Each structure stands twice: as C-alpha cells, then as structure tokens.
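These are my notebook entries on one structure. I recorded each point as I looked it up.

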Amino acid sequence: MMRIKLFLQFSIIACLLSCAVSGQKSNYSPLAGATANKLPVITAADQTNLYINYLKGKNVGMVINQTSIIGKNKTLSLDSLVKLGIAVKKIYGPEHGFRGDASNGTDVNNSVDTKTGVPVISIYGNKHFKPTAEDLKGIDILIYDIQDVGARFYTYLSTLQYVMEACAENNIELMILDRPNPNGFYVDGPVLDTAYRSFVGMNPIPVVHGLTTAEYAQMLNGEGWLTNHEKCKLKIIKVANYKHSSHYVLPVNPSPNLNTDKSILLYPSVCLFEGTTLSLGRGTMQPFLQIGHPALTGKYTYAFTPVSIKGMSEDPPQKNKTCYGLDLKNYDTNTIYADGKLNLAWLIELYKAFPDKEHFFNAYFTKLTGTTELRKQIEAGKSEAEIRSGWEPALSNYKTMRLKYLLYQ
C-alpha cells in the first residue's frame with residue numbers, strides 16, 4: 001500500500017512539472033481573442049510600493065499626460081508622487097499636451113504646471129520631439145508613463161523612442177510604468193518599409209503591433225533601432241494580472257478624439273482614412289465611429305456634419321459640410337476579438353463608391369500604412385485576401401521576433 005501511495009505521489013509531481021515546463025515553452029497566440037481576467041488588472045503606476053523607494057533621493061523627470069493616473073480617484077501620478085515626497089523637477093509633455101487638451105497635430109508650448117509649480121517642457125512643438133541635454137540637465141531618472149492604444153501610428157511610440165535615445169545619450173535611466181494595450185490581443189497589418197519612416201511610424205512593425213509600451217521599449221533596445229544602435233538603461237515596472245488576451249477598458253480617454261472604448265478598438269482600422277479625403281468623424285462627438293464625404297450623397301443615407309470643436313478638432317476635414325457614408329456606432333467589436341484582423345472592407349468599399357477616385361487618397365496614406373503597396377492594391381481592385389497575402393512573410397517574421405520581448409502571455 002505504501003509503495004502505491006508513493007508511486008501516485010511521484011506521478012502527480014511529475015505531471016505538474018511536465019505541465020509547468022510545457023507552459024513555459026508554449027508560443028501563446030493573442031489571435032485567440034480577448035478574455036476576462038479573474039483577477040483585476042493593476043497598472044504599474046498603481047503599484048507605488050514597487051518603485052517609490054527607488055525614486056527617493058533622486059531628481060525625477062516625468063514623461064506623462066492625462067492618462068498617467070494612480071488609484072480609483074484617477075489622481076495624476078505627478079500629484080501622487082509629489083505628495084509622497086518625490087522630487088519631480090521637470091515634466092515632458094507629448095502630443096495633445098501635458099493635460100491632453102490640445103488637438104491632434106497642434107504645437108504645444110512650454111509652460112509651468114499651476115498645481116505643482118513644476119516646469120513643463122513640450123516635446124511636441126516646433127519639431128522638438130527629442131529632449132535635449134539642456135532639457136535633461138539635473139535629472140537623475142526619467143519616468144515614462146503614458147497610455148498607448150496599440151497602433152503603430154499612435155505617436156506616443158515615437159515619443160518613447162526619442163526619449164530613450166535622449167536618455168541613452170545623456171546616461172540617464174528610464175523607468176517605464178507599464179500599462180495594458182487595449183488592442184494587444186492581435187497583430188495585423190502591413191509591416192512598415194523604413195523608406196517611409198515618419199513620426200507616425202519609425203520602425204518595421206505592423207499597424208497593430210501587439211505590444212505594451214515596456215515590451216516595445218525592449219524591442220527598440222534589442223533590435224538596435226535607437227540612433228547609432230545605442231541602448232537605453234531601462235527599469236520596467238510591470239502590470240499585474242495582465243495578459244495580452246485581456247479585455248481592458250481604459251479608465252481615461254487616451255487622447256481627445258478617442259473618447260469611447262469602441263473608438264479605441266476601431267482606431268487601427270478607421271485611422272487609415274486620415275490618409276484620404278474622407279471624414280472619419282473628427283469635428284463630431286463620435287470620431288472614429290463614422291466615415292463619410294459630401295460626394296457620397298445618394299449612395300449612402302447616413303449623414304453627419306463635422307464642425308469645429310475646441311480641444312478636439314478645430315479644423316476637421318470636410319468642416320461644415322454634410323458627409324454621407326458609414327455609421328459604425330453599432331458595430332459589433334466582438335468581431336475584432338474573434339477575427340484578430342484590421343477591417344479593410346470599409347476602405348475597399350468606400351474607394352469603390354467614391355466618384356473622384358483620383359483624389360480619394362492623399363500623401364499621408366503612405367505614412368500611415370508605411371508602404372506604397374496598399375494604395376496600389378486598392379486602386380487595382382485587389383481583394384482583401386490578395387492584399388493580405390502581400391503582407392507576408394514580413395508579418396509572420398515580425399510575430400516570431402515579437403515573442404522575444406513579451407513580458408506577458
């Protein structure tokens with residue numbers, strides 16, 4: 001009897017060890033769709049116990065915006081750290097400004113935070129995207145804490161790269177307080193051709209990259225994408241209880257025009273229309289949830305009229321004109337979770353319907369897509385399957401490379 005019991009005990013232990021090893025070796029695919037977490041997701045910023053002592057006695061700079069919050073009361077991390085006695089000496093504000101109230105593309109000027117008296121240096125104004133040695137003077141450590149949304153052309157990825165390069169050049173450590181990626185459950189789109197690098201796409205990654213900010217920072221270091229292949233010293237604070245399959249709803253708008261969970265999920269697909277003459281709803285309270293143009297009258301019944309909205313879009317495309325097209329407000333985003341794909345059907349459909357095809361696209365489309373091929377394929381009438389086949393093998397190669405830098409399943 002004793003031998004049988006020992007045999008059973010050893011069998012159970014061996015089974016558990018085998019499962020653990022196989023779990024470590026598993027190549028998890030985020031394309032399976034989003035799932036609900038049993039445990040609550042806790043952002044790195046919320047876990048102050050993991051980094052507060054590390055910051056004490058140091059002069060701290062912060063790359064933050066309105067998404068940089070701590071706790072249920074959504075207190076700005078700047079205010080929390082100052083209250084905890086951390087010496088925050090400078091703030092570095094990205095696109096949309098430190099308070100997140102500047103329209104897309106608007107230059108942001110230097111200022112002083114009225115609540116704390118901390119100087120705010122704009123790193124999105126007058127082509128000043130990279131902190132200078134003077135900007136960083138007196139700083140011992142820089143904190144990067146900004147919510148990303150998982151699309152290559154969302155400019156905070158470029159801000160991160162410039163900040164990492166500045167830190168590397170000035171021998172300053174960068175602490176990243178990581179946050180979940182609401183579109184982190186899939187990877188899709190054409191991989192950027194570096195011949196078309198710009199502030200909306202700097203490196204050979206697909207439109208939907210499937211990384212958190214910290215994972216992307218590791219990729220920038222690991223792939224040698226910083227200027228002169230320099231390495232930035234990183235200290236990463238991870239998100240607790242997060243998986244790439246998590247369905248994460250942002251507690252605060254990441255930017256003025258991404259004002260709903262649905263718009264954030266549709267953003268990677270709908271933002272492609274920024275590279276066309278069509279309106280994608282900027283100048284309305286439902287941006288990224290409707291697409292249209294005055295020339296589509298008679299072909300679509302749904303209509304909306306973009307107007308100037310301060311802090312969101314002062315001069316939107318097709319301002320004060322009635323636009324006809326697609327209403328996406330009731331679109332079932334579970335489709336994205338199930339398919340794990342960009343929606344190309346809207347782009348193909350509206351190009352076919354548009355009467356003046358010569359003026360459908362603009363030069364910005366190439367920057368957004370990171371390639372000239374997608375425009376050519378749509379103009380040539382290629383099917384979605386044919387278009388997608390052209391993304392290979394670069395897309396699959398990226399997915400393999402990405403696995404090296406994952407911090408979460």
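What covers the buried residues of α6? I noted that the cover includes β10, α7 (334-339) and α8 (345-353). The model I consulted is predicted, and I kept this in mind throughout.

**Entry 1: helix α6**

I looked up how much of helix α6 (residues 261-270) is buried, and found 8 of its 10 residues in that class, so the helix is largely enclosed by the rest of the structure. I listed the buried residues of α6 as Ser263, Ile264, Leu265, Leu266, Tyr267, Pro268, Ser269 and Val270.

**Entry 2: the sheet that contains β10**

I turned next to β10, since it had appeared in the cover of α6. I found β10 in an open sheet of 3 strands, ordered β10-β12-β11, with antiparallel pairing. Which are the edge strands? They are β10 (290-293) and β11 (303-304), each of which pairs on one side only. I then followed the pairing of β10 with strand β12 (residues 323-327), which is antiparallel and has 4 bridges. As one instance, I noted that isoleucine 291 has leucine 326 in β12 as its bridge partner. For background, I recorded that strands of a sheet pair through backbone hydrogen bonds.

**Entry 3: strand β8**

I asked whether the residues of strand β8 (residues 173-177) are buried or exposed. I found 5 of its 5 residues buried. In a regular strand, side chains alternate between the two faces of the sheet. I therefore checked each face of β8: Glu173, Met175 and Leu177 are buried on one side, and Leu174 and Ile176 are buried on the other. I also found that β8 runs parallel to strand β7 (residues 141-145), with 4 bridges joining the two. Isoleucine 143 has methionine 175 in β8 as its bridge partner.

**Entry 4: cavities**

How many cavities of 30 Å³ or more does a search of the whole structure find? The search finds 4. I looked further at the largest cavity, which holds about 50 Å³ of space. I recorded its lining as Arg152, Leu157, Ser158, Gln161, Gly201, Met202, Asn203, Ile205 and Tyr216. Helix α4 (residues 156-169) supplies the largest share of this lining, 3 residues. By type, I counted 4 nonpolar, 4 polar and 1 charged residue in the lining.

**Entry 5: backbone exceptions**

Most residues other than glycine have a negative phi, and most peptide bonds are trans. I looked for departures from this pattern.

- Lysine 74 has a positive phi of about 55 degrees. I placed lysine 74 in the loop between β2 (69-70) and β3 (75-76), and its relative accessibility of 45% makes it partly exposed.
- Asparagine 171 also has a positive phi, near 55 degrees. I placed asparagine 171 in the loop between α4 and β8, and its relative accessibility of 73% makes it exposed.
- The peptide bond from glutamate 392 to proline 393 is cis, with omega near 5 degrees. I placed proline 393 in the loop between α11 (384-389) and α12 (394-402).

**Entry 6: confidence**

I looked up the confidence of the prediction last. The chain averages a pLDDT of 89, and 87% of the residues score at least 70. Where does pLDDT stay under 50? One such stretch is residues 1-32, for which the model has 18 contacts beyond four places in sequence. I found residues 101-105 below 50 as well, with 19 contacts in the model beyond near neighbours in sequence.

How values were computed
Residues are numbered from 1 along each chain as its sequence is written. This is a predicted model: local features need pLDDT of at least 70, side-chain atom pairs count only at pLDDT 80 or more; totals for chains, interfaces and linings use all residues. Side-chain values use heavy atoms; hydrogens and water are left out. On a 1 Å grid over the protein atoms alone, a cavity is a set of points where a 1.4 Å probe fits but cannot get out, and a pocket is an open set with protein on both sides within 12 Å along at least five of seven lines; lining residues have an atom within 4 Å of a point. Grid points are joined across faces, edges and corners, and a volume is the space filled by probe spheres set on the points. Ala, Val, Leu, Ile, Met, Phe, Trp, Tyr, Cys and Pro count as nonpolar, Asp, Glu, Lys and Arg as charged, and the others, Gly among them, as polar. pLDDT is the predictor's confidence in each residue, from 0 to 100. Contact means heavy atoms within 4.5 Å. Two strands pair if DSSP finds at least two bridges between them. Buried means under 20% relative accessible area, exposed over 50%, partly exposed in between (1.4 Å probe, protein chains only).
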